[in-house]
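Trainee: Mind walking me through this one? I'd like to get a picture of the fold before I set anything up.

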Amino acid sequence: MADAALSLAGRRVLIAEDEYLIAMEVKRWLQHAGAKVVGPVPTVERALDLIEDDDVDVAVLDLNLGDGATAFPIADRLRALGVPHLFATGDVQLGQGSGYEDSPRLEKPFVEAELVRAVGKLIAPA
């Protein structure tokens, strides 16, 4: 995990997660790995606002953000900006027909090492 943590040092990571306890745990884990957390935010609108206001290096997106909202509009904006992201979700089928079926995904529940490794892989030099 040390190599992944090194790759997160100083990186700005957006978290979009509507479950408060999960959001706080993900935030704590990423900060422990040296990341600067943007958010967490529970809605599409707040995430889009943060993307416009802050430089984001990578994002962790809960696929389902409550009230039927999905993180796809956030992923669309991040994709347009060239910002890597992953979906942290318990949804086995990642939005069939969404264009994101092959996107990086971290299945809930996950542990700290899995999260840090997955985010680190997104921003590691090729």
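**Strands first, then helices**

Mentor: Sure, and keep in mind that this is a predicted model. To kick off, β1 and β2 run parallel and are joined by four bridges.

Trainee: Which residue of β2 is the bridge partner of R12?

Mentor: Stick with that parallel pair, β1 and β2. Look across from R12 into β2, and the bridge partner there is K36.

Trainee: What is the order of the strands in the open sheet?

Mentor: There are five strands in this open sheet, and the pairing is parallel. The edges are β2 (36-41) and β5 (105-107), each of which pairs on one side only. From one strand to the next the twist averages 20°. Put together, the order reads β2-β1-β3-β4-β5.

Trainee: Is β1 largely enclosed or open to the outside, and how many of its residues are buried?

Mentor: Buried here means under 20% relative accessible area. β1 is largely enclosed by the rest of the structure, because the buried residues number four of its five.

Trainee: Over in β4, which residue stands opposite A59?

Mentor: That takes us to β3 (residues 58-62) and β4 (residues 85-89), which pair in the parallel sense over four bridges. The β4 residue standing opposite A59 is H85.

Trainee: Which helix lies across β1, β3 and β4, and at what angle to β4?

Mentor: Two helices are worth a look here. α5 (residues 112-123) packs on the sheet and touches β3, β4 and β5, its direction making about 130° with that of β3. The one lying across β1 (12-16), β3 and β4 is α4 (residues 72-81), and its angle to β4 is about 165°.

Trainee: Now α2. Why do its buried residues sit on the same side?

Mentor: The buried residues of α2 are A23, V26, W29 and L30. They end up on the same side of α2 because the arc they cover around the axis is only 135°.

Trainee: And which exposed residues does the face turned away from that buried side carry?

Mentor: Take Y20 in helix α2 as a way in. With a relative accessible area of 57%, Y20 counts as exposed, since the cut-off is over 50%. The full set on the face turned away from the buried side is Y20, L21 and H32.

Trainee: How far does α2 reach from its first C-alpha to its last?

Mentor: α2 covers residues 20-32, so 13 residues, and at 1.5 Å a residue you'd expect 18 Å. The model comes out close to that, with a reach of 18 Å.

Trainee: What phi does G34 take, just after α2?

Mentor: Go just past the end of α2 and you hit G34, where phi is positive. The value is about 95°.

Trainee: How do α2 and α5 cross, and at what angle?

Mentor: Two packed helices are described by the angle between their axes and the distance between the axes. In contact terms, V26, W29, L30 and H32 of α2 meet E112, L115, V116 and V119 of α5. The crossing is right-handed. The axes of α2 and α5 come within 10 Å, and the crossing angle is roughly 65°.

Trainee: Zooming out, what pattern does the protein chain follow along the sequence?

Mentor: The chain has five helices and five strands, and 44% of its 126 residues count as buried. Among contacts between residues at least 6 apart in sequence, 63% join residues at least 24 apart. Read along the sequence, the pattern is α-β-α-β-α-β-α-β-β-α.

Note on methods. Residues are numbered from 1 along each chain as its sequence is written. This is a predicted model: local features need pLDDT of at least 70, side-chain atom pairs count only at pLDDT 80 or more; totals for chains, interfaces and linings use all residues. Side-chain values use heavy atoms; hydrogens and water are left out. Helices (H or I, at least four residues) and strands (E, at least two) are DSSP runs, numbered from the N terminus. The expected span of a helix is 1.5 Å times one less than its number of residues. Buried means under 20% relative accessible area, exposed over 50%, partly exposed in between (1.4 Å probe, protein chains only). The arc is that of the directions from the helix axis to the C-beta atoms. Two strands pair if DSSP finds at least two bridges between them. Axes are lines fitted to C-alpha atoms, for helices over the stretch in contact, and angles run from 0 to 180 degrees between N-to-C directions. Contact means heavy atoms within 4.5 Å. A crossing is left-handed if the near helix is turned anticlockwise from the far one by less than a right angle, and right-handed if clockwise.
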